[in-house]
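Thanks for coming. I will take a few minutes to walk through one protein, and the picture comes up now.

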Amino acid sequence: MNYHEPVLLSEVISELNPSPHKIFIDATCGHGGHSQALLSHGAIIYGIDADKTNLKIATNRINNKNFYPILGNFKDIIKIWKKHINNPVDGILVDLGLSNNQQSESGRGFSFNDNLSIDMRLNPDKQKISAENIINTYDEEQLYLLFSKISQEKFSRPLAQQIIKARQQSPIKTGQRLASIIKNYFDLKHISTHINPATKIFMALRIETNQEFENLNKFLNDSQKIIKKDGKIAIISFHSGEDRIVKNYINKHNFKTSRFLPSLNEIKNNHLSRSAILRTYTPIKQNL
Ligand SMILES: C[S@@+](CC[C@H](N)C(=O)[O-])C[C@H]1O[C@@H](n2cnc3c(N)ncnc32)[C@H](O)[C@@H]1O
């Protein structure tokens, strides 16, 4: 199995400082790369993921009595903590975004090449609205606002119009079709891009489908209620909108904080780490 490569791993470990008996929540456990490293220092890990396939991968991969996998969404961190831990924790890690398999697998709808689906829900059992619903039902103004506000797509208006025109022929049911509608517009207008022209539209759809900004805001407010006084929260984001939410939250509360970027060496070895930003903070007010 091609496991997801954990980003900024040494920085996360040195910031969270795991040791025997310390309790951490890995709120986006994924394939368990970060969890494994924390466990190797003797810590106890509660690993949460909203995606049951990923949680199963982590559970099968990690064979350690100190690892407790939990299917859930980090927006419900208080409920999960009450049920499973109910003691202040030493640290919490959130590694936002998707794992490599989620991004590329057909049938999940996250990929430009997916010829089966444009679903994008992390947990279809719990979430009613898929990206397919959104792309086929939002009106022009709603699509325009979604693309321009969430991912600052320069061509939000004409792309919204193209999408509506295409879905009048037949509903958009695959990532491949949506990617080709967007590509056709860029080709027609001779617009060249260094990334896939559908990147920003797919990102906006994924964020909307999974309510990612709302969930992150709720997590930020709630997580400080369950952490020890000197505990640390570490958040890795891959998108300027997410990082802005984290940065503004930390600044608003005047928490002691640090920021880390991947080294050139890490970026060379793992291209997907290039946009990662790690912010860590201790949720107690700094003395001014
Ligand atoms: C970048 S991957 C994490 C990779 C992991 N750190 C590792 O080393 O394998 C992000 C994971 O977060 C999960 N996820 C995203 N949003 C979530 C949420 N709101 N609650 C719980 N899990 C979430 C995704 O399903 C995915 O498995």
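Before anything else, a definition for the strands: two strands pair if DSSP finds at least two bridges between them. Helices (H or I, at least four residues) and strands (E, at least two) are themselves DSSP runs, numbered from the N terminus. By that rule β1 and β4 are paired, in the parallel sense, over three bridges.

Two remarks on the source. Residues are numbered from 1 along each chain as its sequence is written. What you see is a predicted model, where local features need pLDDT of at least 70, side-chain atom pairs count only at pLDDT 80 or more, and totals for chains, interfaces and linings use all residues.

Now the overall picture. The protein has 13 helices and seven strands. Along its principal axes, the C-alpha trace spans about 60 × 45 × 40 Å. The radius of gyration is taken over C-alpha atoms, and the globule rule is 2.2 Å times the number of residues to the power 0.38. For 288 residues a compact globule would come out near 19 Å, and the protein has 20 Å, which agrees.

On burial, I use C-beta atoms placed from the backbone: a residue is buried if 20 or more other C-beta atoms lie within 10 Å of its own, exposed if 12 or fewer, and partly exposed in between. Of the 288 residues, 44% count as buried.

The domain bounds come from an automatic or database domain assignment. That assignment gives domain 1 as 9–101 + 212–285 and domain 2 as 128–209. The centres of the two domains, taken over C-alpha atoms, are separated by 31 Å.

Back to the strands, starting with β2. How many of the residues of β2 are buried? Six of the six, so β2 is largely enclosed by the rest of the structure. Both of its faces are covered, with I44, Y46 and I48 buried on one side and I45, G47 and D49 buried on the other.

Strand β2 has partners on two strands that I will take in turn. With β1, residues 23–26, β2 pairs in the parallel sense over four bridges. There, D26 has G47 of β2 as its bridge partner. With β3, residues 67–71, β2 also runs parallel, joined by five bridges. I48 stands opposite I70 in β3.

The connections have a handedness. A crossover is right-handed if, with the strands pointing away from the viewer, the path from the first strand over the helix to the second runs clockwise. β1, α2 and β2 form a right-handed β-α-β unit. A right-handed β-α-β unit is also made by β2, helix α3 (residues 52–61) and β3.

Next, β4. This strand is mostly covered, with seven of its seven residues buried. Facing β1, the bridge partner of I25 is I92 in β4. Strand β5, residues 227–237, runs parallel to β4 and is joined to it by six bridges. In that pair G91 stands opposite K232 of β5.

On to the ligand. A residue is near a molecule or strand if its C-beta atom, placed from the backbone, lies within 6 Å of it. Which residues come nearest to the ligand? Of the 22 around the ligand, they are P6, T28, G30, G33 and D51. The elements giving two or more residues to this shell are α2 (33–39) and β2 (44–49). By class, the shell has six nonpolar, 12 polar and four charged residues. Here Ala, Val, Leu, Ile, Met, Phe, Trp, Tyr, Cys and Pro count as nonpolar, Asp, Glu, Lys and Arg as charged, and the others, Gly among them, as polar.

Last, a few single residues, beginning with backbone angles. Most residues other than glycine have a negative phi. N86 is not a glycine, yet has a positive phi of about 60°. N86 sits in the loop between α4 (77–84) and β4 (89–95), and counts as exposed because it has 8 C-beta neighbours inside 10 Å.

Q152, not a glycine either, has a positive phi of about 50°. Q152 lies in the loop between α7 (140–151) and α8 (156–169), and its 12 C-beta neighbours inside 10 Å make it count as exposed. The C-alpha atoms of Q152 and G241 are 9.8 Å apart, with the two positions 89 residues apart along the chain.

Finally, P158 is found in helix α8. With 13 C-beta neighbours inside 10 Å, P158 counts as partly exposed.
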